[in-house]
Amino acid sequence: MIIAEAGSLSRAAARLGVSQPSLTAQLQRIEESLGGRLFRRSRTGVTVTPFGQFVLTRARAALITFDELLTVEHIDAGLSPIRLGGYATPMLSGLLKRLDEALGTAFTVHTEHSPRLLLDLLAGRRLDAATLIDYPGHELPSVPSVDIRTIGTEPVFIAINSRHPLASRSEVSLADLAGEDWVVSPPDGAGWPEYLLTACQEAGFTPRMAHVMVEVAMVRDLIANHGAISPCLATFGAEADITVRPLAGTPLRVRHLIAWRREGPLAGRGDELWRLATDAHREALAGQPHHAAWLALSGCLHQAD
């Protein structure tokens, strides 16, 4: 993790107080043991590979879980507020508002890009509840100490520049996006972007993933000002320079979930938690015209069948 944070082997070696050759040799032994490269080397430093991101996500979860073991007595003594985790979305914001009104108790919020990491944090008693996502064929595993319920399933949309020729269509074929520069989020430990890559390959191409990031403001800038495209959730709002369209045939879907610890402070209120999360999800979708258009279009298609 220090190598990833430092961005180069020389800086990481300096932080650790070891020589660069020694650190390089140690990294090579770790990569050989794991069976894959963790970093790409270049003249300017190192960058994490998709496999490296996969390993780092789990390493961080393991460290946090270990830290939780050291502090669990304090947490179980009821001295901490309810700890809610999730991905930063309007649905999470809506759930927070509803929980505050329904329970009137203190909350802390912990957001992560990785649903698998959030699930690990729940299993490790670092969180009490969390909103999660997964994808068809990449469902999150069941965990004995955690209850999980489905909030809803929706299509993955595509966000494109409003001046793009495809923006005038009511829906966009995935194959028509073969030559575009994509903005994608990094591996999330739950099947993304592998799920996207598989769908694109089935459509006859390998996407050119030119930009990798989770920062929504930067994603919007790349779409609006640099002509990139990005897969997005239904709650990703359109604006003057950005149009959101459904993908023809709905080749990509995402499932929203709510999870909570069976022995945590919300254990006896699972049904209420699920209802509040479902209401928050429904409210977040209600403000998105592209989702309403997709519902109308998909309804027409079903009637035609």
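How many helices and strands are there in the protein? In this predicted model, there are 10 helices and 12 strands. The radius of gyration is 21 Å, close to the 19 Å that the globule rule gives for 305 residues, so the protein is as compact as a globular protein of that length. Along the principal axes, the C-alpha atoms fill a box of roughly 65 × 55 × 35 Å. Of the 305 residues, 44% count as buried. The accessible surface comes to about 15,100 Å², and carbon and sulfur atoms account for 54% of that area. As for contacts between residues at least 6 apart in sequence, 70% join residues at least 24 apart.

The salt bridges give examples of pairing between separate parts of the chain. Side chains of opposite charge can pair when their charged atoms come close. The structure holds 16 salt bridges. One of them is formed by the side chains of arginine 83 and aspartate 128, at 2.6 Å from N to O. This pair links distant parts of the chain, with arginine 83 in strand β3 (residues 82-86) and aspartate 128 in the loop between α6 (115-123) and β5 (129-134), 45 residues apart. Are these two partners buried or exposed? Arginine 83 has a relative accessible area of 9% and is therefore buried; aspartate 128, at 3%, is buried as well.

A second salt bridge is made by arginine 262 and aspartate 147, whose side chains meet at 2.7 Å, N to O. Arginine 262 lies in the loop between β12 (253-261) and α9 (270-286), while aspartate 147 belongs to strand β6 (residues 146-155), so the pair ties together parts that are 115 residues apart in sequence. Arginine 262 is partly exposed, with a relative accessible area of 44%, and aspartate 147 counts as partly exposed at 25%.

Arginine 208 and aspartate 181 also form a salt bridge, their closest N and O atoms being 2.6 Å apart. Here both partners sit in strands: arginine 208 in β9 (residues 208-212) and aspartate 181 in β8 (residues 181-184), so the bridge ties together parts that are 27 residues apart in sequence. Arginine 208 is partly exposed at 42% relative accessibility, and aspartate 181 is partly exposed at 31%. Salt bridges that share partners also join Arg83, Asp128 and Arg261 into one network.

Strands β8 and β9 appear again around helix α8, being among the elements that cover its buried residues. Which residues of helix α8 (residues 216-226) are buried? They are Val219, Arg220, Leu222, Ile223 and Ala224. An α-helix has 3.6 residues a turn, so residues three or four places apart point the same way. Besides β8 and β9, the cover of the buried α8 residues includes β7 (157-161), β10 (230-232) and β11 (242-246). After α8 comes glycine 227, which has a positive phi near 75°.

Two other residues have a positive phi without being glycine. Arginine 125 has a phi of about 65° and lies in the loop between α6 and β5. At 29% relative accessibility, arginine 125 is partly exposed. Threonine 250 has a phi of about 50° and is placed in the loop between β11 and β12. With a relative accessible area of 17%, threonine 250 is buried. A further backbone feature is the cis peptide bond that joins tryptophan 192 and proline 193, with omega about 10°. Proline 193 is found in the loop between β8 and α7 (194-202).

The count of disulfides is 0. For cysteine 200, the nearest cysteine sulfur is that of cysteine 232, 14 Å away. A disulfide requires the two sulfur atoms to be within 2.5 Å, which is why this pair does not qualify. Cysteine 200 is buried, with a relative accessible area of 0%, and cysteine 232 counts as buried at 7%.

At the surface, Ile2, Leu16 and Val18 make a nonpolar patch of about 210 Å². Valine 18 lies in the loop between α2 (9-16) and α3 (20-34) and counts as partly exposed, at 36% relative accessibility.

Key. Residues are numbered from 1 along each chain as its sequence is written. This is a predicted model: local features need pLDDT of at least 70, side-chain atom pairs count only at pLDDT 80 or more; totals for chains, interfaces and linings use all residues. Side-chain values use heavy atoms; hydrogens and water are left out. A salt bridge is a side-chain nitrogen of Lys or Arg within 4 Å of a carboxyl oxygen of Asp or Glu. Helices (H or I, at least four residues) and strands (E, at least two) are DSSP runs, numbered from the N terminus. Buried means under 20% relative accessible area, exposed over 50%, partly exposed in between (1.4 Å probe, protein chains only). Contact means heavy atoms within 4.5 Å. Patches are made of residues with over 30% relative accessible area and no salt bridge: like charges are joined within 9 Å, nonpolar side chains (Val, Leu, Ile, Met, Phe, Trp, Tyr) within 5 Å. Accessible areas come from the Shrake-Rupley method with a 1.4 Å probe; for residues, only the protein chains shown count as cover. The radius of gyration is taken over C-alpha atoms; the globule rule is 2.2 Å times the number of residues to the power 0.38.
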